[in-house]
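Dear colleague,

Please find below the structure that I am handing over to you. I would be grateful if you could look through it before reading the notes that come after it.

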Amino acid sequence: MTQLALHGGRSARAWPLFLVVALAGFVTTLDNTVVTVALPTIRADLGAGLASLEWVATGYIMTFAGLMLAGGRLADVYGRRKALVAGLVTFTGASLAAGLATTIQSLVIARLVQGAGAALILPATLAVLAGRDERQRSTGVAVWMASGAGALALGPVVGGYLSQHAHWTWVFLINVPIGAAVVALALAVVPEGREQGAARVDLPGVATSAVVLSAGTFALIHGSDYGWTSPVIVAAAVACAVGAVTFVVVERRAAEPMVDLVLFTARSFTGGVVAQVLWGLGVNGVFFYTAIFLQGVLGFSPTASGVAFVPLAVLVVAVTPLVPLVERRMGAGRTVAAGLVLVAAGMGSVAFLGPGDGWGELLPAVSAIGIGSALTMPLGSAVLGAVPEARAGVAGGVFTVGREISGLFGIAAIGVIVRSGGTFASGYSAGLLVAAALVLVGAAVSVVALR
């Protein structure tokens with residue numbers, strides 16, 4: 001079994017560490033989507049209004065995205081294992097509180113705390129891979145990305161099954177035993193890893209980044225509900241813009257900046273983040289509307305529309321172990337580009353489906369998207385490999401924030417196209433083609449930036 005050289009003279013096998021990365025990434029990403037199917041039963045059980053239900057679904061994403069850069073920096077300063085375990089304990093405790101909630105208010109608070117825990121977990125899981133050699137880092141990041149892709153695809157299926165056959169509380173309670181097991185495993189196999197000589201956290205950077213990401217996330221999530229020109233959304237957008245300018249000024253002047261802007265001078269780092277953002281803009285933007293398309297246009301049942309995502313998840317997991325072999329033959333840039341081209345082709349083919357089409361026509365497109373998504377796994381490894389190990393937490397935070405924010409922006413932007421297309425079917429098709437074009441731009445960026 002491959003051995004990993006860990007800090008402090010300790011060593012651990014590679015795969016237990018990868019298991020921590022996979023499970024931590026899976027449960028935190030799963031909570032992005034698993035709750036959506038359970039919302040009707042939560043509403044009936046707790047007597048919640050629609051506004052409160054929206055916060056159950058989006059509160060997690062807001063604190064998750066808003067605090068992720070801060071979480072990455074805390075991992076660098078105080079140690080990746082400490083940050084990971086603290087995040088897991090917070091996330092698991094909040095999951096228990098959510099499962100035991102008897103009021104909608106307590107459930108919303110628990111979801112906000114869950115997101116804060118996840119903001120510590122995901123950057124730390126990437127950071128613990130930064131010190132590995134290139135092959136181990138590539139394998140670990142591929143495992144991390146595959147677990148996230150699988151969680152996104154399986155979330156609606158798991159949520160629907162648990163809420164129908166058990167109780168909606170199990171959507172959250174299922175995290176408790178998993179979280180406890182991952183904490184125990186992390187304490188045993190994850191190296192500490194911290195920035196040498198780090199004296200303090202850049203509090204102004206933490207505060208301004210939280211304002212930028214939280215305000216921006218709020219505007220993207222609730223813009224269509226309040227209206228894009230409503231005072232509350234305009235105020236959030238202004239707060240995001242002013243916060244972004246302030247953040248850049250603060251980081252340029254800070255003795256120990258939270259995000260060292262020099263990182264963006266590394267071509268592989270910036271190119272990897274940009275390609276990830278373009279992938280997120282396209283894929284997440286249209287997947288949000290895919291369940292409606294499958295049921296309303298192709299005539300799938302709710303269960304069948306959930307199952308339609310399963311082949312995608314299965315292919316991501318099945319193809320991922322082969323990606324390092326492909327990367328060694330083709331290089332990171334060409335491997336990622338090939339994957340993005342496949343994703344774009346799959347999305348483009350769905351754009352031409354219509355009434356009367358079924359599994360036979362849908363499955364090739366879903367397969368292309370699944371295989372292509374697996375081939376994008378070198379993105380994360382390229383981003384981590386382009387920065388000093390001491391900044392791996394922040395690099396992981398930037399990469400993950402790019403994925404989350406691009407997904408939200410994609411939903412908002414593609415949603416405008418979908419709603420302006422006359423019928424839903426024509427708007428959805430137009431949105432798919434635009435999304436596919438964005439993914440193809442990401443392919444071009446990958447070829448140029450990832451050497």
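The notes below cover aromatic pairs, cavities and a surface patch.

This is a predicted model, in which local features need pLDDT of at least 70 and side-chain atom pairs count only at pLDDT 80 or more, while totals for chains, interfaces and linings use all residues. Residues are numbered from 1 along each chain as its sequence is written, and side-chain values use heavy atoms, with hydrogens and water left out.

Aromatic pairs. Eleven aromatic pairs are found in a search of the whole structure (rings of Phe, Tyr and Trp, the last by its six-membered ring, with centres within 6.5 Å; planes under 30 degrees apart count as stacked, over 60 as edge-to-face and the rest as tilted). One of them joins tyrosine 60 and phenylalanine 64: the ring centres are 5.5 Å apart and the planes stand at 45°, so this pair is tilted. These two residues are four apart in helix H3 (residues 50-66), which means that about one helical turn separates them; helices are DSSP runs of H or I with at least four residues, numbered from the N terminus. Tyrosine 60 and phenylalanine 64 are both buried (under 20% relative accessible area, against over 50% for exposed and in between for partly exposed, with a 1.4 Å probe and protein chains only).

Tryptophan 168 and phenylalanine 172 form an edge-to-face pair, because their planes are at 85°, with ring centres 6.3 Å apart. Tryptophan 168 is buried at a relative accessible area of 2%, and phenylalanine 172 is buried at 0%. In addition, Trp55, Phe218 and Tyr226 are linked into a cluster by ring pairs.

Cavities. The whole structure holds three cavities of 30 Å³ or more (sets of points on a 1 Å grid over the protein atoms alone where a 1.4 Å probe fits but cannot get out; lining residues have an atom within 4 Å of a point). The second largest cavity contains about 110 Å³ of space. Its lining includes Met145, Gln276, Trp279 and Arg403. Helix H7 (134-165) and helix H12 (267-296) are the elements that give two or more residues to this lining, and H7 gives the most, with four residues.

Surface patch. Val234, Val238 and Val242 make a nonpolar surface patch of about 230 Å² (nonpolar side chains joined within 5 Å, from residues with over 30% relative accessible area and no salt bridge, that is, no side-chain nitrogen of Lys or Arg within 4 Å of a carboxyl oxygen of Asp or Glu). Valine 238 belongs to helix H11 (residues 231-253) and counts as partly exposed, because its relative accessibility is 45%.

Yours sincerely

Terms used
Patches are made of residues with over 30% relative accessible area and no salt bridge: like charges are joined within 9 Å, nonpolar side chains (Val, Leu, Ile, Met, Phe, Trp, Tyr) within 5 Å. Accessible areas come from the Shrake-Rupley method with a 1.4 Å probe; for residues, only the protein chains shown count as cover. On a 1 Å grid over the protein atoms alone, a cavity is a set of points where a 1.4 Å probe fits but cannot get out, and a pocket is an open set with protein on both sides within 12 Å along at least five of seven lines; lining residues have an atom within 4 Å of a point. Grid points are joined across faces, edges and corners, and a volume is the space filled by probe spheres set on the points.
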